Structure formats: C-alpha cells, structure tokens
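I opened this model to look up its enclosed spaces, its open pockets and its nonpolar packing. My entries follow in the order in which I looked.

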Amino acid sequence: MATEPATLENLSVLHQSDDFIVVNKHWDIRIDSKMWYEKLTVQAQLKHRFPQLADPSTYYGFRFCHQLDFSTSGALCIALNKAAAGRAYRCFKDRTVTKAYLALVRGWVEEETRTLDFSIGKNTTEGKTHMMCIEGTEGCENPKPCRTELAVLEYGLYDGEPVTKVLLQPLTGRTHQLRVHCCAIGHPIVGDFTYSSGADDAPYRMMLHAHLLHLPLDPKPLLTCARDPFLPSADPKWTPERSARTLSATVDALLEQRAEEQRRAKEEEVERARQKEEKKRRRKEGRTEKETEEQRRQCQEWLSEWAAD
C-alpha cells in the first residue's frame, strides 16, 4: 500500500474464513457508493477478487459489519452470511468490540496517556454541515457523550514539523470522533484536510489507520491487526526521534485490560441472574409458607368444630 493510490486489484486481505473476511482498507477509497460514476470502492474490489462470495440478496453484495471514513485506512470486517452478520452486529451493539487506531498528530502531545471525553454533535454552521464539533462550539447540535483513550507511542518530525505518533481507542462510536477529539486538544491529525479547513493539504493522505480489530465471537474470537503504515521505510517524511512505548506492548496491554473488563462484566451478569433467581425462589417460598399457615388455621377450626360436636 505505502504511498501508492488504490486500484481495483490491490485489495489486501488480513483474514478469511467461511464466515468473515477482514481487509486492510486503502486510504482515500469509499467502502461502497450509490453513485454510478464512482467505480473504485471496497465493494468493487471485493467483487473483483471474490465474485463467488457476492450475495445478490444484499444491496451492495457484501455485508459490511462497520464503517471507516473515506480517508481512513485499516482493518475492515465483512460478514459472508446472514448468521455471521448477526453475531458481529451483537458484538457492536453490546460494545464488546475492541478497536484501536494509529495516527500521526500535529505537535508533541505532552501527556503520554489521556482520556478525551468531549461530547460531539453535528455542526450546523453554514459551510460546515458535513462536519462534527464538540459541545460548546457555535452551531453544535445534539451533542452526545464521547470517550477516546490516547496513548503516545513516539515523538518525531513529519516533513520537518513536530508530530506525535499515538494509539487511539474509541470507547464510543460517534462520526469523526477521533478526528474531532484530536482537534479539541490542539493536535489535529496530519493530513486532515476537512478539519484543518483545507490548510493541511501537503501530506499524500490523512494519517489515521484502523490498526486493531477484535470481536469476541463465540466460540472463537476474531482478532486482526492491519500493519503499521506510519514507518520511515514506507514514508521517509516521517522521522521518529524518541519512543514512549512500543506498539505491540501497548496493544497487548489494551487487549488484556479489555478481556479483564469483559470477564468482570460477565461475572456481574451471572451474579445478577443468580440474585434474580434467588428473589424469585424466596417469593415462592413466602407464598408457600403463607398458604401453609392458612391451612393450619383452617385445620384448627375444623378440629374445634369436631370436638364441640
């Protein structure tokens, strides 16, 4: 992929099974399109590479489990049948999916780990209706809570300008969340033409890449990583100068933390179910005990009547 533009043939496949395909989506390509003139999409690449897997009963021929922006590259999951799509949908609905993105952002981020929790809404300002904005911005409509975890990986230069390589974990799924959150802390993503109001147009692409995708499917989870494209060997304009932590160790820690969170959540769910059953049993026993007392009272009355007779 490197700095070469997308073609119909250069689809990179990260994972393939009977139920799922995960591809490494190219930058500056749409997943699908209703426009007749837009020929180069991930949908078109899949039909070209796997014509036998296209499902004519679906609108686009393939069931995309989630979305990536036009300018964002990286791991994109496609379900190959209705049952698999349903299983993946439940993971996204229950927010058990783990995603992490690599990005180069402008400037040097001082805090090496940080939680970004700016609420995001639609920008209704004239000329910016295709953009999002943080709560409190003029024209911000219907802002919703939004959280992103940021971890600094490396400090360096891009084309001579200071930049930071970060790993971003979205804990919510708002439109343009990572791009807006990075702008909100004064470190916009390198090459983000839209959120720089067209000023950051020198880089060949926007430096945002979906690196990690983990779906806790039963019985076997789906875990894929799309290789890091932000390396000097791929783009010599990027020059790392100082490392804060390694990508592999950061991803391992993230997955371990998520696994622990999901284990605790499952234990709490089991405990809630146990308590619910216990309450139901106690109510039933209470009714039985009450009925028994009533039966005893009636027996005493009958015995008294018989004794009188």
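I looked first at what lines the largest cavity, and β12 gives the largest share, three residues (helices, H or I, of at least four residues and strands, E, of at least two are DSSP runs, numbered from the N terminus). This is a predicted model, in which local features need pLDDT of at least 70 and side-chain atom pairs count only at pLDDT 80 or more, while totals for chains, interfaces and linings use all residues. Residues are numbered from 1 along each chain as its sequence is written, and side-chain values use heavy atoms, with hydrogens and water left out.

For the search I worked on a 1 Å grid over the protein atoms alone, where a cavity is a set of points that a 1.4 Å probe fits but cannot leave, a pocket is an open set with protein on both sides within 12 Å along at least five of seven lines, and lining residues have an atom within 4 Å of a point. I found one cavity of 30 Å³ or more, and the volume of the largest is about 30 Å³, taken as the space filled by probe spheres set on the points, which are joined across faces, edges and corners. Its lining consists of His66, Ala75, Lys99, Tyr101, Ala210, Leu212 and Leu213, and the elements that give two or more residues to it are β5 and β12 (208-215).

I turned next to the largest pocket, which holds about 870 Å³ of space. Among its 31 lining residues, Gln67, Lys99, Tyr101, Gly173 and Arg174 are the closest to its centre. I noted that β5, β11 (161-170) and α3 (177-184) each supply at least two residues of this lining.

The second largest pocket has about 380 Å³ of space, and of its 17 lining residues Glu149, Leu150, Gln169, Leu254 and Gln257 are the closest to its centre. Here α4 gives the most, with six residues.

Last, I checked the nonpolar cores, each a set of buried (under 20% relative accessible area, 1.4 Å probe, protein chains only) Ala, Val, Leu, Ile, Met, Phe, Trp, Tyr and Cys residues joined through side-chain atoms within 4.5 Å. The largest has 46 residues, and Leu46, Leu150 and Leu208 are among those with the most contacts inside it. Its largest share, six residues, comes from strand β5 (residues 98-106). I listed the contacts (heavy atoms within 4.5 Å) of Leu46, which touches Leu11, Val23, Pro51, Phe62, Phe64 and Ile78, leaving aside residues up to four places away in sequence.

Conventions: Buried < 20%, exposed > 50% of the residue type's maximum accessible area, 1.4 Å probe, protein only.
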